[in-house]
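Reader: Hello! I am new to this structure and would love a close look at a single part of it. Could you pick one helix and walk me through it?

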Amino acid sequence: MAANWDDMRIFLAVARAESISGAGRDLKMDAATVGRRIARLEDALAAPLFAKSPQGYALTESGQRLMGYAIRAEQSLGEAVGEVQGAADGQLTGVIRIGAPDGSANYLLPQVCAAICDQHPGLEVQIVALPRVFNLSKREADMAITVSRPTAGRLTVQRLTDYQLHLAASEAYLAAHPPITSVADLAQHRVIGYIHDMIFDKELDYLDALNVDRVPLSSNSFSVQLNFVRQGAGVAIVHDFAIPAVGGLRKILTDQVSLTRSFYLVRHANDRKVERLNRFARMLSDGIRREVSNLEALT
């Protein structure tokens, strides 16, 4: 019996989720059915594709070889469908998934992607906000926004734009607590930041330069940190572009603490010839640059 595309689709789901149950949820399929289909595929290929461990389902050497071919087949099928559907009127169609850290995923990408979809109604954009680096080789996403330039893997990397960050607090918090006129004054205030051992990129270690030893309120999510600030819980380093979305915040010590970081658009090298993704990447890049500029001008 030869493997078909539906078998490959299930195989890819298990490889990405690293579990039968996770793949079942993604596919909206009963986990037992997923397990039977994987067993049938392994029988058809006469090779084990996964090794089960306490951590989940890991690809065997045979599975890793099949993964490359399955990804290319998925990519080719998606490209073909998108090109055929959009060829008549130049419209982008189909699904495009973007991975991004939650700061950009919450405060930049929604409005940028909504504007793109207004121009291309047949397009479906999925934004996956996770506080970690995305694995594009496993096709967890079609492209990813990162805060540092990757140095490994077959990737294409495009620097999008710089963005600014400053200390900020709510007006209510500042009115109820001692004045903050220098970095040394932060010792008298509750500082909000990342959980240190969950910082997945050194560019996010904002508080290191301030020599802050204690972070009473912390989260691996920037959005949670910003909500702490909005609730008057303390002081945090905040993206300037996020401030307009939250009323009642004020930047402080702007002459003493000012950080600049960059966003990068990362894609798999094999996608350079996929015009559908190239067009979307151009619109996404232009939109992010424009939105960062517009929002920062409001703060």
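Author: Happily; here is a walk along helix α1, followed by a look at the rest of the chain.

Please keep in mind that this is a predicted model. The chain averages a pLDDT of 88, and 91% of the residues score at least 70.

Helix α1 covers residues 5–17. At 1.5 Å a residue, its 13 residues should span 18 Å, and its end C-alpha atoms are 18 Å apart, so the expected span and the model agree. The buried residues of α1 are D7, M8, I10, F11, L12, A13, V14 and A15. D6 also belongs to helix α1. With a relative accessible area of 26%, D6 counts as partly exposed, because buried would mean under 20% and exposed over 50%. From D6 to R37 there are 31 residues in sequence, yet the C-alpha atoms of the two are 9.4 Å apart in space. Just after α1 comes E18, which takes a positive phi of about 60°.

Now for the interior. The largest nonpolar core has 59 residues, and M143, I145, L167, F241, F280, L284 and I288 have the most contacts inside it. Helix α9 (residues 275–296) gives the most to this core, with seven residues. Apart from it lies another core, of 19 residues, and V14 is among them, as are I38, L66 and I71. V14 also brings us back to α1, where it is one of the buried residues.

A last word on confidence: among the elements of the chain, helix α4 (residues 61–87) has the lowest mean pLDDT, 73, while strand β9 (residues 235–239) has the highest, 97. Where pLDDT is low, the predicted coordinates should not be read in detail.

Technical notes. Residues numbered from 1 in each chain as written. Predicted model: local features only at pLDDT ≥ 70, side-chain atom pairs only at ≥ 80, totals over all residues. Heavy atoms only, no water. Helix = DSSP H or I, 4+ residues; strand = E, 2+ residues; numbered from the N terminus. Expected span 1.5 Å × (residues − 1). Buried < 20%, exposed > 50% of the residue type's maximum accessible area, 1.4 Å probe, protein only. pLDDT = per-residue confidence, 0-100. Core = buried A, V, L, I, M, F, W, Y, C linked by side-chain atoms within 4.5 Å.
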